[in-house]
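Reader: I'd like to learn how to read a pocket and the ring contacts in a model like this one. Could you walk me through it?

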Amino acid sequence: MTFLSIGDLAQTFQTRRETATLTADLQRLTQEVASGRRNDLRSEITGDFGSLAAIESSLARITSFSRIAGESVVELDTAQAALGRIEADGQRVASALLLSQTASQPNAVDAAAREAGDAFASAIATLNTTVGGRSLFAGVATDGPALLPAEQILTDLETAVAGATTATDLRDAVFAWFAPGGGFETGAYVGSATEQAPRRISPEAQIDPLPRANDPAIAGVLSGAALAALVDRGALIGQPEERLAAAGFAGERLLSATPDFIGLRANLGVEQETLARTQQALVAEQGAFEIARADLISADPFTAASELEATRSQLETLYLLTSRLSQLSLTSFLR
């Protein structure tokens, strides 16, 4: 009978090679179990990284769209809330001004006009709202306010209507000042005449720019409040009947400007709905791509754990055999 054997040196080299192989496998499997990712992607996907690159590119694109959409949500919600406050204040002031026409108290007009002045100042401050340091209603000039301060606007307006001696003259002068091309657009509005570009939030959808503070729908509401504010500041002083008529004109203006203003808010609502629907689609698409990526790069946790335990057991067995073999000697064999 022929016996095959290997020498002690060869045995040592073979043991070292097996130990190194098992140790490397143990480290690889430990990393896969801890990270949940395959350690050797090249062998797992046979060197074809095209699919993985396409998935990563799609996820990067979705992340970019999601970031733009998230910023747009904040701006649209803030703009909608701002216009909502202006509309609510305008409706309240309009009611007060029109009720003053039939009130028996002589100071009813003064109280309503004072309320209109406060609403005008609040509207100007609201239209100068910023989000993240960006002015919302100033067009592309996002680094500055959309309008001059309310006090300065009313002062300029007083100068422009100084010659008005009747309620009708005052009304016509104020409304002309707030009309397109008037003093409001050329002086009080300090934003840009260029609106912002639409924002693309997906390959199929985009968000239209926010309205500027000089939009005719906004100017219409402001003109009504400003007319009443001038009464509060002393316009037509000493002419109670004319002051009463001017307050009535202001209330009517606020009411007549409401439909266009509501239309402006409705347009924002449509953009908000588009944005919400697109965000849901982006989340779903991102989830699908993440699942596809996981199928390519993720290690099966049960398989990896089983292989890890088997490799650990083999390594312990090898260490045990090596320890036993190292204790062999001729003396021990002859005993």
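Author: Happily! Let's begin with a pocket in this predicted model. The second largest pocket has 16 residues in its lining, and those nearest its centre are Pro 216, Ala 217, Ala 219, Gly 220 and Arg 253.

Reader: Which elements give two or more residues to that lining?

Author: Four helices do so: α6 (167–178), α7 (183–188), α8 (216–232) and α9 (240–297). The pocket's volume is about 210 Å³.

Reader: How do the lining residues divide into nonpolar, polar and charged?

Author: Nine are nonpolar, three are polar and four are charged.

Reader: Now the rings, please. How many aromatic pairs does a search of the whole structure find?

Author: Three. To classify a pair, look at the angle between the ring planes: over 60 degrees counts as edge-to-face. Trp 177 and Phe 178 have ring centres 5.1 Å apart and planes at 75°, so this pair is edge-to-face.

Reader: Are Trp 177 and Phe 178 buried or exposed?

Author: Both are buried. Ring pairs also join Trp 177 and Phe 178 with Phe 184 in a cluster.

Reader: And charges over rings: where does the charged end of Arg 253 sit?

Author: For this feature, check both the distance to the ring centre and the direction relative to the ring normal. Arg 253, one of the residues nearest the pocket centre, has its charged end over the ring of Phe 175, 4.3 Å from the ring's centre. Arg 171 places its charged end over the ring of Phe 249, at 4.5 Å from that ring's centre.

Key
Residues numbered from 1 in each chain as written. Predicted model: local features only at pLDDT ≥ 70, side-chain atom pairs only at ≥ 80, totals over all residues. Heavy atoms only, no water. 1 Å grid on protein atoms, 1.4 Å probe; cavity = no way out; pocket = protein on both sides within 12 Å on 5 of 7 lines; lining within 4 Å. Points joined across faces, edges and corners; volume = space filled by probe spheres on them. Nonpolar A, V, L, I, M, F, W, Y, C, P; charged D, E, K, R; others polar. Phe/Tyr/Trp six-rings, centres within 6.5 Å; stacked < 30°, edge-to-face > 60°. Buried < 20%, exposed > 50% of the residue type's maximum accessible area, 1.4 Å probe, protein only. Lys NZ or Arg CZ within 6 Å of the ring centre and 35° of its normal.
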